[in-house]
Amino acid sequence: MIGWCKQLRGAFGASFLWLVCLIYFTQGFRSFVWTAVSYQLKDELKLSPSASQFVSSIAFFPWSVKPLYGIVSDCIPIKGRKRIPYLILATLFSFFPWLLLGTSEFLRTSKVQLMVLLTVQNLGSAMADVVIDAMIAEAVRLERALFAGDLQSISWMAMALGGICGSLLGGYALSNLRMDEIFLIFSVLPALQLASCHFVEEGSTVGKAFSKVSASNGTHLTIENFDMDSNFSNGKSKVGGASRRKKGQKDTNNRAIKSGDLQVLDKDGSSTPSLFQSLKSASYALFKAFRQPIILRPMAWFFLAHVTVPNLSTVMFYYQTEILNLEASFLGTARVLGWLGLMLGTFIYNQYMKNMRLRKILMWAHIGLAILSALDLVLVTRTNVSLGISDRGMVLYGSALADGINQFKFMPFLILSGQLCPPGIEGTLFALFMSINNLGSTVGSFVGAGLASALNISSGSFDNLPLGIGIQVICTFIPVAFLSLIPKEATGISA
C-alpha cells in the first residue's frame, strides 16, 4: 500500500494527489453537516416534512446543471487557465455559506436565507466536482495514463472514507455540539481545499493537456461516425470502466470535459476559438447527440424512474425521530450500514450480474425497492412490534438493503451512459446524463413533498403516512412498464 501511494505521488505530484483526496473526502464527509441541516430544518425552523423536503430539493438543484459548469470552464479561461481558477471559485462558494451559517444565528433561523446559502454551497460543491474530474482525466490521459485506474480507486476510497466518517461523527456531533459549531467545524475542510489549490500548478499537471489537445486533429465535435449498433451487438458493451463505478466514484475518463472536445477551428486554421463559437458548438453538439432516439429513450426511462416514484425520505426521517424516538447517533450508524450495503451491492453486481440484460436487472431492482417500501409500511403500522421485530432492526437493515438495491439500479445507469456517449463529446454528454439523473431525483423529491402536503402529513401527524407509503409502493412499478425504452441487448458487461 505504501509503495503504491509512493508511485502515485511520483506520477502526479504530492500536491495534486492531496488535492484530489481532499476534495473527494470532503464530498463524502458532507453527510456530517447535512445531518445537522436536517435537524436544523426540523427542530429550529419547525418546518413540516413537506416544507423541509422542498427546501432541500431547491438547495440540491445546482447538481442538476453540472454540464453548464464544464462548458463555462472550457470556453471561458481565467487568465489563460481553465481549471484552478474555477476550482478556487467553487471552493469559495463552498466555504463562505458554512462560515456565515456558523457565525450568524439570523441566517441559520431564516428559511429563505438558509435555503439560499445551502444552494450556493451546493453550487460550489457541484462545480468543484466537475473541475476536479476534468483535472484528473487530463492528467491521466496525457501524463500518466498507466495510473488511471489507481487514481480513480484512491478517489473512491477517499470519498467512501469521508462518507463513513461523516455519518459516524454527524450523529455524535449533534449530541455534543451546538449547531453553529458543527457548521464552523465543517468549514475547515473547504478552507483547507482553498489553501491546497495554491500549491497545484495547473501548467505542470493539466496545462500541457491544452496545448497537446489543441495540436491534435483527432478530436472533433462530431457524432456522424458513432455506431450505436456495435455497442450492443451480442449483448456486449464496448465501453470500459462504467460497470466498475461505485457510489460517488467518478468515471473521470468519461465525465471530464476535454478542452479539445469543445474546440472549433477558425477558417484560417487557428486553434483558438471565439467565446461565441465555443459555446455555440458545445451546445449544438449536445443537442444533436441527445435528440437521437438511441440516447433520448434510455435517459427518458431513468428520468421517469425518479419522477414517477414519490420520495418520502424526509417524511420517514421525521417519523423516525418523533415517533420512534431514534437518536441522531443511531441514524448516523444506519447511514454507515447504508454505505456498507452499497459497497456490497456493487460487489454482487460486478461478480454475478454483469451478464444479465439491463432490462431484467432494472425490473428486479424496482421489485426489490417496492418490497423495501412495503417494509416501511410494516414499520409505520407497527406490525413489526407484534412480530417481535425491533424498530432499530427494521431501520438498520432497511437502510443497508435500500442502498444495496439502489446500486443495482444506478450501475446500469452508469453502464448505459458510457455506452451511449458518442466520440468527441463523451465528457460533456456523460455529465449531462448525470445531471438528468440528479434532476429526476430532485423532481421526485418535489413529488414526495407534494404528496405529503396533499395527505396532510406533518410533524406530529402521521395518520396518513401508511397511505402515502402505499402510493409509493404502487408507483414503484410504473417504470417497469416502460422498460422497452432500454436497449433490448444491453447488458452489464464492459470490455
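**Close-up views of a predicted helical model**

**Figure 1. Ser187 and its surroundings in helix H9.** In this predicted model, Ser187 belongs to helix H9, which covers residues 179–197. Ser187 has a relative accessible area of 6% and is therefore classed as buried, the limit being under 20%. When neighbours within four places in sequence are set aside, the contacts of Ser187 are Phe95, Trp98 and Leu99. Of these contacts, Trp98 reappears in the view of the nonpolar core, where it is listed with the residues that have the most contacts inside that core.

**Figure 2. The largest nonpolar core and the contacts of Leu118.** The largest nonpolar core comprises 52 residues, and those with the most contacts inside it are Trp98, Leu101, Leu118, Phe183 and Leu465. Helix H2 (residues 14–44) supplies nine residues, the largest share of this core. Leu118 touches Trp34, Val37, Ala59, Trp98 and Leu101, with residues up to four places away in sequence not counted. A second core, separate from this one, has 32 residues, including Leu19, Tyr24, Ile136 and Leu342. In soluble globular proteins, nonpolar side chains tend to be buried together.

**Figure 3. A nonpolar patch on the surface.** Leu344, Phe347 and Tyr352 make a nonpolar surface patch of about 370 Å². Phe347 is located in helix H16, residues 328–353. The relative accessibility of Phe347 is 45%, so this residue counts as partly exposed.

**Figure 4. The salt bridge between Asp129 and Lys66.** The side chains of Asp129 and Lys66 form a salt bridge with an N to O distance of 2.6 Å. Asp129 lies in helix H7 (residues 111–142) and Lys66 in helix H4 (residues 66–75); the pair links distant parts of the chain, 63 residues apart. Asp129 counts as buried because its relative accessibility is 1%. Lys66, at 3% relative accessibility, likewise counts as buried. Side chains of opposite charge can pair when their charged atoms come close.

**Figure 5. The salt bridge between Arg392 and Glu327.** A salt bridge joins the side chains of Arg392 and Glu327 (2.9 Å, N to O). Arg392 is part of helix H19 (residues 391–420), whereas Glu327 sits in the loop between helix H15 (313–322) and H16, so the pair ties together parts that are 65 residues apart in sequence. Arg392 is partly exposed at 35% relative accessibility, and Glu327 is partly exposed with a relative accessible area of 34%.

**Figure 6. The salt bridge between Arg382 and Asp391, and a charged network.** The side chains of Arg382 and Asp391 meet in a salt bridge at 2.7 Å, N to O. Arg382 is partly exposed, with a relative accessible area of 30%, whereas Asp391 is buried at 17%. Elsewhere, Arg178, Asp180 and Glu181 are joined into one network by salt bridges that share partners. The structure holds six salt bridges.

**Figure 7. The whole chain, as context for the close-up views.** The chain has 21 helices and zero strands. Of its 495 residues, 55% count as buried. Among contacts between residues at least 6 apart in sequence, 86% join residues at least 24 apart. The chain exposes about 20500 Å², of which carbon and sulfur atoms supply 63%.

How values were computed. Residues numbered from 1 in each chain as written. Predicted model: local features only at pLDDT ≥ 70, side-chain atom pairs only at ≥ 80, totals over all residues. Heavy atoms only, no water. Helix = DSSP H or I, 4+ residues; strand = E, 2+ residues; numbered from the N terminus. Buried < 20%, exposed > 50% of the residue type's maximum accessible area, 1.4 Å probe, protein only. Contact = heavy atoms within 4.5 Å. Core = buried A, V, L, I, M, F, W, Y, C linked by side-chain atoms within 4.5 Å. Patch = residues over 30% accessible without salt bridge, like charges linked within 9 Å, V, L, I, M, F, W, Y side chains within 5 Å. Areas by Shrake-Rupley, 256 points an atom, 1.4 Å probe, with all protein chains shown as cover. Salt bridge = Lys/Arg side-chain N within 4 Å of Asp/Glu carboxyl O.
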